[in-house]
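Reader: I have a model open on my screen and I'd like to make sense of it. Could you walk me through it?

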Amino acid sequence: MIYIKNNMAVCLALAVLLAVPSAFARSDGTDPLTGRPAIIEDNADTIKRRTGVGDPVAGKEKSRLCQGCHGEDGNSTDELIPKLAGQYAKYIAKQLRNYQAGVRSHQIMNAMAAAISDEELSDISSYFANQAKMKGDGSTTNEQGKNIFLKGNISKMVMACVDCHGVSGKGLTPDIPMFPVIGGQHKAYLLKQLIDFKQDDRVNSPNAIMNRIVRSLSNADLEALAEYISGL
Ligand code: HEC
Ligand code: HEC
């Protein structure tokens, strides 16, 4: 908690988080394991909310080049190229702006992002957000990964991933785009991001929250987490 003291946005999100379980408990049920809101289903309403203000139809044309690597429907095949299918438009847009500003470094993506205008950025983000949400193969048998994901690690001061990324790793609610969809993402991409956060090679999360969270985890822990999360 000390880590995020200065970050109003994260604090606000956590305040929402504390309020949410009680609101959900009586109505459509919570996850029995964690007591947290259950999986956010894809439906017209939730898709619309994560798609945001851009025009997904225009975005399809404008993202031809991107689709070459990220997949026509945002489901890339290369394990090191992230899926964008059903990702929050605002998260995608933030990453593109971070690549443009050099706050997040990757040779290909810095060049790709530099070439797109503000309008293209908004429409392209909405196009990928508008797709059915990325999904893993359902193999969630990695107990070490599952444990850290759901419970964190108190002795290492590690917050549970579920607190921000949701039970199925698809985020908390369709209205909190700050926490990206990670469930069902490629394992190799996830592992690379976790190692990049640990080594401070990626430092664009708000108040370096992700760097702080993974710092004390071992590489074996990160591997186990990537394995578990990619199956969700
Ligand atoms: C030549 C292949 C290639 C092309 C073309 C490409 N990307 Fe990427 N993209 C990547 C790779 C590889 C990464 C992972 C970078 C990293 O590890 O940080 C990535 C990362 C991203 C991310 C970050 C995703 C996340 O979950 O944080 C976004 C957003 C993105 N690309 C959007 C785009 C858009 C929009 C375009 C078109 C303008 C595009 N990409 C074109 C290969 C590509
Ligand atoms: C306090 C909230 C919080 C907790 C707890 C948390 N995360 Fe995150 N995570 C974030 C935020 C915010 C981002 C987006 C960073 C950005 O804007 O670039 C993120 C990004 C990520 C990404 C990068 C996604 C992508 O597409 O590139 C991965 C992977 C990830 N988190 C994994 C985890 C794992 C594993 C845990 C548990 C050990 C965890 N997170 C716990 C807030 C959190």
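Author: Sure, and keep in mind that this is a predicted model. Let's start at ligand 2: a polar side-chain atom of Arg-202 lies 2.8 Å from one of its oxygen atoms. Gln-95 also brings a polar side-chain atom to an oxygen atom of ligand 2, at 2.9 Å. For Asn-204, the distance from a polar side-chain atom to an oxygen atom of ligand 2 is 3.3 Å.

Reader: Which helix gives the most to the shell around ligand 2?

Author: Several helices each supply at least two residues of that shell, including H5 (89-101) and H12 (219-231). The top contributor, with five residues, is H10.

Reader: Where does ligand 2 lie relative to domain 1 and domain 2?

Author: Look at who gives residues to its shell: domain 1 (2-38 + 135-231) does, and domain 2 (44-129) does too. Both take part, so ligand 2 lies between them.

Reader: Now for ligand 1. What is the geometry of the site of its iron atom?

Author: His-70 (NE2) and Met-109 (SD) coordinate the iron atom, at 2.0 to 2.3 Å. For six octahedral donors, the ideal angles are 90 or 180 degrees. Here the six donor atoms make angles of 87 to 179°, and the site counts as octahedral.

Reader: How many residues apart are His-70 and Met-109? And are they buried or exposed?

Author: His-70 sits in helix H4 (residues 64-70) and Met-109 in helix H6 (residues 107-114), so to speak two distant parts of the chain, 39 residues apart. As for the second part, both His-70 and Met-109 are buried.

Technical notes. Residues numbered from 1 in each chain as written. Chains lettered and ligands numbered in written order. Predicted model: local features only at pLDDT ≥ 70, side-chain atom pairs only at ≥ 80, totals over all residues. Heavy atoms only, no water. Donors = N, O, S within 2.8 Å, 3.2 Å for Na, K, Ca; no water. Tetrahedral: all angles 85-135°; square planar, octahedral: opposite > 155°, others 65-115°. Helix = DSSP H or I, 4+ residues; strand = E, 2+ residues; numbered from the N terminus. Buried < 20%, exposed > 50% of the residue type's maximum accessible area, 1.4 Å probe, protein only. Polar contact = N/O pair within 3.5 Å; in protein donor to acceptor, adjacent residues only side chain to side chain. Domains from an automatic or database assignment.
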